[in-house]
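Good morning, and thank you for making time for this presentation. I would like to take you through one structure, moving from single elements to whole chains.

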Amino acid sequence: MSVPMSTWKGTAPVRQGKIARDFHKNWFPYLAFVPVLIWFIVFCYGPMWGVLIAFKDFKPLLGFAKSEWVGLQHFRDFISGPDFGRQFRNTVLLSLWGLAIGFPIPILLAIMINELRGRFFKKSVQTITYMPHFISIVVICGIIHIFTQPYGLLTNLISFFTGATANRSLLGEAGLFRPVYTLSGVWQNMGWDSIIYLAAMSNISPELYESADLDGAGRVGKIWHITLPGIRPTILILLIFAVGGMMNSNWEKIILLYNPLTYETADVFSTYVYRRGIREGSFSFSTAVGLFNSVINFILLLFTNAISRRFSETSLW
Amino acid sequence: MTGYKRKTSADVVFDIVNVLLLLIITILCLYPVWHVVMASFSNPTRLSTHRGVLFAPLAPSTLEGYKVLLKDSKILTSYRNTLVYVGLGTLFNMAFTILGAYTLSRKSLYWKKALMVIITITMFFSGGLIPWFLLVKNIGLYNNLWAMILPTALNTWNMIVLRTGFESVPQDLEEAAEIDGASQAYILFKIIVPLSKPVLAVILLYYFVGNWNSWFNPMILLKDRERFPLQLVIKEILVQNDTAGGATSGGTQIVVSSVQGTTAYRELIKYCTIVISTLPVLCIYPFLQKYFTKGVFVGSLKG
């Protein structure tokens, strides 16, 4: 305190003094961050370095250093392999199904909830539609298995409407995997996904609605001209995320629902990584598949973000 | 909104259609859960031949399924494992997330930019499943309690959300405390944390649910069946597509060995399993619901 700042600054090299003073003043936040930093280095940066085994012929017994470099061999094997086309198609199609059905429905639901007047009913609708989000994916898939087994609830329902036999398992048919997977996802997440839109709607100024009333706008008119434009930035950002994450399949769920009979429509890159890597122990090969998948994913994210930035003011960066 | 506006007939029609549609949606959301709960109390023989919807338990209703489950040592062990993993895991989650968010919310850190870069990179790039798996194995966590806790100790997204929450604590309060001679630790635990309760509640719920529902990491990281958490045991009872479980896949008969029985009983037990594993989460979440919008909103996007 007794030494004026300017004098002190003058006697020590400026940069070093700055850092030293920073540590002196902020030692507690830095100390608090040490465990967090270690965690990031070990569990995030460790695997990033480990991704190099995609370019090696990694043998666990030899270890990382002694395993032989093979360049792009695994990538070539994978891309020219028999399953590549099928996995690429399934990864993209499952995501497109999700985008086409799973993306607009939460927006619609949010608008409908937002239009409700009664507080109690509104609250109940929200509580109940959020609920499935909290049920574990294992249990959700368990329920799907029970409902789609021969003479299960859904199987019976479909046979009632179409006349098809009820003595079949819906999960055993490749042609039904995408609808079962997508619609159950909508069931589980539409309520939860609508929250963010509801939050955005609550930020729209009531004055806009009042002046629309004076202009004699109807309910649908107000939704179209005020509510939707009001949540446009939110919709766009979530759309960028959704398109950018298209190559990220929800593989935990696919693994719980698919079986060899439905690989034709259900097997995606990430489930393939799991089967070849964890279960069969082809570590290098499956790492290459995973790396290929994330590279495409990153390019897609850059691309979507660029498009969005070009056509609207909304972008991630 | 506007209170003085008269309702036109078009408005009335709109409201009726809207309410009806939402009623249908709500029923569709609720029904599968209701069906499962009712089935779990039903007479197993009648249940196995029952077709169609189920609004009440099929008489004579029974608690037999629950009795069998709660006597099964494998279920009980896995339930206890889950409690340990969820308790310890969530504790670590909260500690790491609070510490990280605190540091990143400080305004005058010389290295803050660098730290943010280190963290942001991990949100766009990762090594992928296999390198991650090998790493966890190499540092000796395979088939170990800590494998359920340390690799998932932090979620970057949650940390960023919490940082935004911490940043919104009024600066004046912290400065006033500083002038009074409060230590930085005191400011963190007595001012910042108590004032951020809504965000903390939401993050706590996310971590709790995530830990409770986790099954994939246990499946690939645990070998001994005595260490399996509930979800993994349930997976073996409910999902027998023989691709998911690999070599460890058992099936109902192994887990619920005490049921000498009929397929009808096995069906009943499936329903009871769903109920006992889902109940805790569904009981907690309505109490935290009021924080959802706030929590999601604080973290919303550009945050």
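Let me begin with the buried residues of helix α6 of chain B, which are Leu129(B), Ile130(B), Pro131(B), Trp132(B), Phe133(B), Leu134(B), Leu135(B) and Val136(B). Please keep in mind throughout that this is a predicted model. The helix spans residues 129-138, and eight of its ten residues are buried, so α6(B) is largely enclosed by the rest of the structure. After α6(B) comes Gly140(B), which has a positive phi, near 85°.

A little further along, Asn143(B) lies in the loop between α6 and α7 (156-167) of chain B. Asn143(B) is not a glycine, yet its phi is positive, about 60°. Is this residue buried or exposed? Asn143(B) is exposed, because 12 other C-beta atoms lie within 10 Å, and a residue with 12 or fewer such atoms counts as exposed.

Chain A offers a similar topic. Tyr151(A), which is not a glycine either, has a positive phi of about 65°. Its place is the loop between α8 (137-148) and α9 (153-162) of chain A. With 17 other C-beta atoms within 10 Å, Tyr151(A) is partly exposed. Why do I point out such residues? Most residues other than glycine have a negative phi, and most peptide bonds are trans.

That brings me to a peptide bond in chain B. Ala59(B) and Pro60(B) are joined by a cis peptide bond, with omega at about -10°. Pro60(B) belongs to the loop between α2 and α3 (64-71) of chain B.

Next, I turn to Phe41(B). This residue sits in the loop between α1 (9-40) and α2 (44-49) of chain B. Phe41(B) is buried, since 21 other C-beta atoms lie within 10 Å, and 20 or more are needed for a residue to count as buried. Which residues does Phe41(B) contact, leaving aside its neighbours within four places in sequence? They are Pro57(B), Ser61(B) and Thr62(B). Leu268(B) is 227 residues away from Phe41(B) along the chain, but their C-alpha atoms are separated by 8.1 Å.

Let us now widen the view to chain B as a whole. Its secondary structure consists of 14 helices and zero strands. Of its 303 residues, 38% count as buried. Taking contacts in chain B between residues at least 6 apart in sequence, 70% join residues at least 24 apart.

How does chain A compare in its make-up? Chain A contains 17 helices and two strands. Buried residues account for 33% of its 317 residues. For contacts in chain A between residues at least 6 apart in sequence, 62% link residues at least 24 apart. As for its overall dimensions, the C-alpha atoms of chain A fill a box of roughly 90 × 75 × 35 Å along the principal axes. The radius of gyration of chain A is 27 Å, whereas a compact globule of 317 residues would have one near 20 Å.

Within chain A, I would draw attention to helix α17 (residues 283-311), which takes part in two helix packings that I shall describe in turn.

The partner in one of these packings is helix α4 (residues 73-80) of chain A; the two axes come within 9 Å and cross at roughly 75°. The two helices are therefore roughly perpendicular to each other. From α4(A), the contact involves His74(A), Phe75(A), Asp77(A) and Phe78(A), and from α17(A), Ser284(A), Phe285(A), Ala288(A), Val289(A) and Phe292(A). Sorted by class, this contact of α4(A) with α17(A) has six nonpolar, two polar and one charged residues.

The partner in the other packing is helix α13 (residues 232-244) of chain A, whose axis is 8 Å from that of α17(A), at an angle of about 155°. How are these two helices oriented? α13(A) and α17(A) are roughly antiparallel, because an angle over 145 degrees counts as such. Their crossing is right-handed. On the α13(A) side the contact is made by Leu236(A), Ile240(A), Val243(A) and Gly244(A), and on the α17(A) side by Leu300(A), Leu301(A), Thr304(A), Asn305(A) and Ser308(A). This contact has five nonpolar, four polar and no charged residues.

Finally, I come to the two chains together. In the model, 77 residues of chain B are in contact with 74 residues of chain A. On the side of chain B that touches chain A, the residues divide into 48 nonpolar, 22 polar and seven charged. Thank you for your attention.

How values were computed
Residues numbered from 1 in each chain as written. Chains lettered and ligands numbered in written order. Predicted model: local features only at pLDDT ≥ 70, side-chain atom pairs only at ≥ 80, totals over all residues. Axes fitted to C-alpha atoms, helices over the stretch in contact; angles between N-to-C directions. Helix = DSSP H or I, 4+ residues; strand = E, 2+ residues; numbered from the N terminus. Parallel < 35°, antiparallel > 145°, perpendicular 65-115°, else oblique. Contact = placed C-beta atoms within 7 Å. Nonpolar A, V, L, I, M, F, W, Y, C, P; charged D, E, K, R; others polar. Left-handed = near helix turned anticlockwise from the far one by under 90°. Rg over C-alpha atoms; globule rule 2.2 N^0.38 Å.
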